[in-house]
Every structure is written in C-alpha cells, then in structure tokens.
Amino acid sequence: MILMHLMPVTAATSEKVEMSKSVIVTALALSCGIAFGAVADPVLLTGKSLAKAVSGRTIFIQTPIGEEVAVRYRSNGTMVGKSSAQLAFLAGESTKKDKGHWWVRSEQLCQQWRSWSKGRKYCYKLRVSGKRVRWSRNDGKTGTARLGR
C-alpha cells in the first residue's frame with residue numbers, strides 16, 4: 001500500500017491505513033452507483049413471469065472452472081446449449097453442443113436435453129436479481145448464471 005511506504009508503521013498508522021481503505025472503498029462504491037445493502041433481494045420467478053424471463057433469451061451458466069455454458073431458450077420451447085470442448089470432456093459429455101426442449105411447470109423451469117445429462121428431465125427454481133440468476137435443481141444441485149439477450 002502506498003501509504004505504508006510513506007510513513008513508519010505503528011499501531012496508530014495501521015489503524016489510519018485501514019480507515020483510509022474503508023473510506024476509499026465506500027467512495028468508489030458510491031461513485032459507481034453501488035450502495036451497500038441496496039441490492040434487491042433475488043425474486044423467485046414463477047409461471048408466466050418465468051416463461052417470459054427465459055423465452056428468446058440466453059442464460060450463461062457459471063461453472064466451477066470459470067467457464068460458462070450458454071443455453072438459448074427459444075420461444076417455441078426448444079433450446080440449444082454450447083460449451084467448450086474441454087468443459088464437455090470434464091463433464092463427461094460426448095458433445096460440446098446439444099439440443100432439447102423446455103417448459104414451465106408452476107414455479108420451475110423444466111428441461112430435457114437429447115444427450116447432455118443423459119437425457120434426464122430436470123426442473124429448476126430461478127431467483128433473479130438484475131441479470132444475476134441463482135438456480136436450484138430438483139436434485140439439490142445449485143449454482144449461478146447470468147441473463148443475456
């Protein structure tokens with residue numbers, strides 16, 4: 001830290017540096033329009049609002065290795081997914097692209113791929129805050145994603 005190089009480090013100096021960091025972080029957050037505690041709680045999408053939120057859009061699912069899987073939910077109930085070859089290999093999938101279909105059942109987005117996930121049907125609850133999505137699958141798995149166009 002620049003301040004530490006300009007003055008001898010003492011307990012009082014260290015406390016001042018920490019206060020300075022806090023003030024700087026708060027100032028940056030406020031100048032960028034970020035207010036602590038002002039982030040809206042995620043909203044659980046259900047029924048028609050869920051269908052409207054995903055229809056004709058792409059959801060980019062975050063993976064533990066930092067790559068994303070893009071899933072395009074077409075308005076006709078079909079979907080197309082794309083991942084990298086490396087990610088498909090790590091997930092045990094035979095292909096980096098797949099097709100399937102989707103539908104909404106009550107408060108869940110349900111889908112079935114032709115080959116991904118061994119063709120099993122899964123349903124997801126989606127909680128959205130802005131473009132951020134938190135999902136939970138009916139088998140207990142959870143994760144995050146972001147909404148695209």
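**Entry 1: strand pairing around β7**

I began with β1 (residues 43-44), which pairs with β7 in the antiparallel sense over 2 bridges. For my own bookkeeping, two strands pair if DSSP finds at least two bridges between them. Helices (H or I, at least four residues) and strands (E, at least two) are DSSP runs, numbered from the N terminus. I looked up one bridge here and found that V43 has V128 in β7 as its partner.

Next I followed β7 to β6, and these two run antiparallel, joined by 4 bridges. L109 has Y124 of β7 as its bridge partner. On to β8 (residues 132-137): 6 bridges join β7 to this strand, again in the antiparallel sense. One bridge that I checked sets R127 against R134 in β8. The hairpin of β7 and β8 has 2 residues between the strands, and G130 takes a positive phi near 65° there.

A reminder to myself: side chains in a regular strand alternate between the two faces of the sheet.

**Entry 2: what kind of model this is**

I should say early that this is a predicted model, where local features need pLDDT of at least 70, side-chain atom pairs count only at pLDDT 80 or more, and totals for chains, interfaces and linings use all residues. Residues are numbered from 1 along each chain as its sequence is written, and side-chain values use heavy atoms, with hydrogens and water left out.

I then checked pLDDT, the predictor's confidence in each residue, from 0 to 100. The mean for the protein is 78, and 73% of its residues reach 70 or more. Over residues 1-38 the pLDDT is below 50, and beyond near neighbours in sequence this stretch has 12 contacts in the model. Contact means heavy atoms within 4.5 Å. Where pLDDT is low, the predicted coordinates should not be read in detail.

**Entry 3: the overall layout**

I counted elements next: the protein has 4 helices and 9 strands. Read from the N terminus, their order is α-α-β-α-β-β-β-α-β-β-β-β-β. Of the contacts between residues at least 6 apart in sequence, 33% join residues at least 24 apart.

For burial I used these cut-offs: buried means under 20% relative accessible area, exposed over 50%, and partly exposed in between (1.4 Å probe, protein chains only). Buried residues make up 28% of the 149 residues. The protein exposes about 10100 Å², and carbon and sulfur atoms supply 57% of that area. These areas come from the Shrake-Rupley method with a 1.4 Å probe; for residues, only the protein chains shown count as cover.

**Entry 4: salt bridges**

How many salt bridges are there by the rule? I took a salt bridge as a side-chain nitrogen of Lys or Arg within 4 Å of a carboxyl oxygen of Asp or Glu, and the count comes to 3.

I looked at E68 and R146, whose closest N and O atoms are 2.8 Å apart. This pair links distant parts of the chain, with E68 in strand β3 (residues 68-73) and R146 in strand β9 (residues 142-147), 78 residues apart. E68 is partly exposed at 28%, and R146 is partly exposed at 35%.

Then I turned to K125 and E107, with 2.7 Å between their closest N and O atoms. K125 lies in strand β7 and E107 in the loop between β5 and β6, 18 residues apart. K125 is partly exposed at 27%, and E107 is partly exposed at 25%.

D139 and R137 also meet through their side chains (2.7 Å, N to O). Here D139 is partly exposed at 40%, whereas R137 counts as buried at 15%.

**Entry 5: positive phi outside glycine**

Where does S106 sit? I found S106 in the loop between β5 (97-105) and β6 (108-113). Its phi is near 60°, a positive value in a residue other than glycine. S106 is exposed, at 57% relative accessible area.

S117 is another non-glycine residue with a positive phi, near 55°. S117 is in the loop between β6 and β7 (121-129), and is partly exposed at 22%.

**Entry 6: a nonpolar patch**

My last lookup was on the surface, where I65, F89 and L90 form a nonpolar patch with about 350 Å² of accessible area together. Patches are made of residues with over 30% relative accessible area and no salt bridge: like charges are joined within 9 Å, nonpolar side chains (Val, Leu, Ile, Met, Phe, Trp, Tyr) within 5 Å. L90 belongs to helix α4 (residues 85-90) and is exposed at 53%.
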